[in-house]
Amino acid sequence: MRPFAIGVLSERTGVKVPTIRFYESIGLLPAPERTQTNRRTYDEETVRRLRFIRHARELGFEVDAIRTLLDLAAHPERPCAEADVVARHHLADIDDRIARLTGLRAEVQAMLDQCTGGRVRECRVIEVLADHGE
């Protein structure tokens, strides 16, 4: 198949052009081939790689983890234990965020439960926000 332009890559992967350029600048995508007029050109391998990156980002993986996973994907003969470690670390981060968000939700709910709905000078929401010790 013939090489194609960055706009086509964007359409085929659902990744915006500036994001593609960013991924190139940080090395998640290899530097593209260039035409004689210096336009970037891409191939099917880039489509597969960018879809991998996009899906990993949608799942919340950080750039360094994606870099590791891409390296592992490039060596299919290696054991998957390292990929499992990356995924387990990410899962632990997700669990930590859920716990923090659950705590935040409980605090905001308690603040709302204590609000009487009167005037702002008596508003429990404003009081709690003004005094972090609350």
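This is a short tour of a predicted model, one selection at a time.

**Stop 1: helix H1**

Select residues 6–13. This is helix H1. Which of its residues are buried? They are Ile-6, Leu-9, Ser-10 and Thr-13. These four cover an arc of only 100 degrees around the axis, so they sit on the same side of H1.

Now show what lies over them. The cover includes helix H2 (17–25), strand E2 (40–41) and helix H3 (44–58). Colour those three elements and keep them on screen.

Step just past the end of H1. Gly-14 comes there, with a positive phi of about 75 degrees.

**Stop 2: Thr-13**

Go back to Thr-13, which lies in H1. Is Thr-13 buried or exposed? Its relative accessible area is 1%, so it is buried. The cut-off for buried is under 20%.

Show the side chain of Thr-13. One of its polar atoms lies 3.4 Å from the backbone nitrogen of Val-15. Next, look for partners farther along the chain. Leaving out residues up to four places away in sequence, Thr-13 touches Val-47, Leu-50, Arg-51 and Arg-54.

**Stop 3: H1 against H3**

Select H1 and H3 together. Two packed helices are described by the angle between their axes and the distance between the axes. For H1 and H3, the angle is about 45 degrees and the axes are 10 Å apart. The two helices are therefore oblique to each other. Their crossing is right-handed.

Which residues meet here? From H1, pick Leu-9, Arg-12 and Thr-13. From H3, pick Glu-44, Thr-46, Val-47, Leu-50, Arg-51 and Arg-54. Thr-13 from the previous stop is part of this meeting.

**Stop 4: two residues on the way**

Select Pro-18. This residue lies in helix H2. With a relative accessible area of 57%, Pro-18 is exposed, because the exposed class starts over 50%. Draw a distance from its C-alpha atom to that of Ile-6. The two are 12 residues apart along the chain, and the separation is 9.9 Å.

Then move to Asn-38. Find it in the loop between strand E1 (33–34) and E2. What is the phi of Asn-38? It is positive, about 70 degrees, although Asn-38 is not a glycine.

**Stop 5: H3 against H4**

Return to H3 and add H4, which is residues 63–73. H3 and H4 pack at an angle of about 140 degrees, and their axes are 10 Å apart. They are therefore oblique to each other. H3 passes H4 in a right-handed crossing.

Show the side chains at this meeting. H3 brings Arg-49, Phe-52, Ile-53, Ala-56 and Arg-57. H4 brings Val-63, Ile-66, Leu-69, Leu-70 and Ala-73.

**Stop 6: H4 against H5**

Hide H3. Keep H4 and add H5, residues 81–113. At what angle do their axes cross? The crossing is at roughly 160 degrees, and the axes come within 10 Å. That makes H4 roughly antiparallel to H5, because angles over 145 degrees fall in that class. H4 passes H5 in a left-handed crossing.

The H4 side of the contact is Ala-65, Thr-68, Leu-69 and Leu-72. The H5 side is Glu-82, Ala-83 and Val-86. Leu-69 was also on show at the meeting with H3.

**Stop 7: Arg-78**

Select Arg-78, in the loop between H4 and H5. Arg-78 is partly exposed, with a relative accessible area of 33%. Beyond its neighbours within four places in sequence, Arg-78 is in contact with Asp-71 and Leu-72. Now show Glu-82 as well. The side chains of Arg-78 and Glu-82 make a polar contact of 3.0 Å. Glu-82 also takes part in the contact between H4 and H5.

**Stop 8: His-90**

End in helix H5, at His-90. Its relative accessibility is 8%, so His-90 counts as buried. Which backbone oxygen lies 2.7 Å from a polar atom of its side chain? That oxygen belongs to Leu-59.

Finally, show what else surrounds His-90. Leaving aside neighbours within four places in sequence, His-90 is in contact with Leu-59, Gly-60, Phe-61 and Arg-97.

Key. Residues are numbered from 1 along each chain as its sequence is written. This is a predicted model: local features need pLDDT of at least 70, side-chain atom pairs count only at pLDDT 80 or more; totals for chains, interfaces and linings use all residues. Side-chain values use heavy atoms; hydrogens and water are left out. Buried means under 20% relative accessible area, exposed over 50%, partly exposed in between (1.4 Å probe, protein chains only). The arc is that of the directions from the helix axis to the C-beta atoms. Contact means heavy atoms within 4.5 Å. A polar contact is a pair of N or O atoms within 3.5 Å; within protein, one must be able to donate a hydrogen and the other to accept it, and residues adjacent in sequence count only if both atoms are side-chain atoms. Axes are lines fitted to C-alpha atoms, for helices over the stretch in contact, and angles run from 0 to 180 degrees between N-to-C directions. Angles under 35 degrees count as roughly parallel, over 145 as roughly antiparallel, 65 to 115 as roughly perpendicular and the rest as oblique. A crossing is left-handed if the near helix is turned anticlockwise from the far one by less than a right angle, and right-handed if clockwise.
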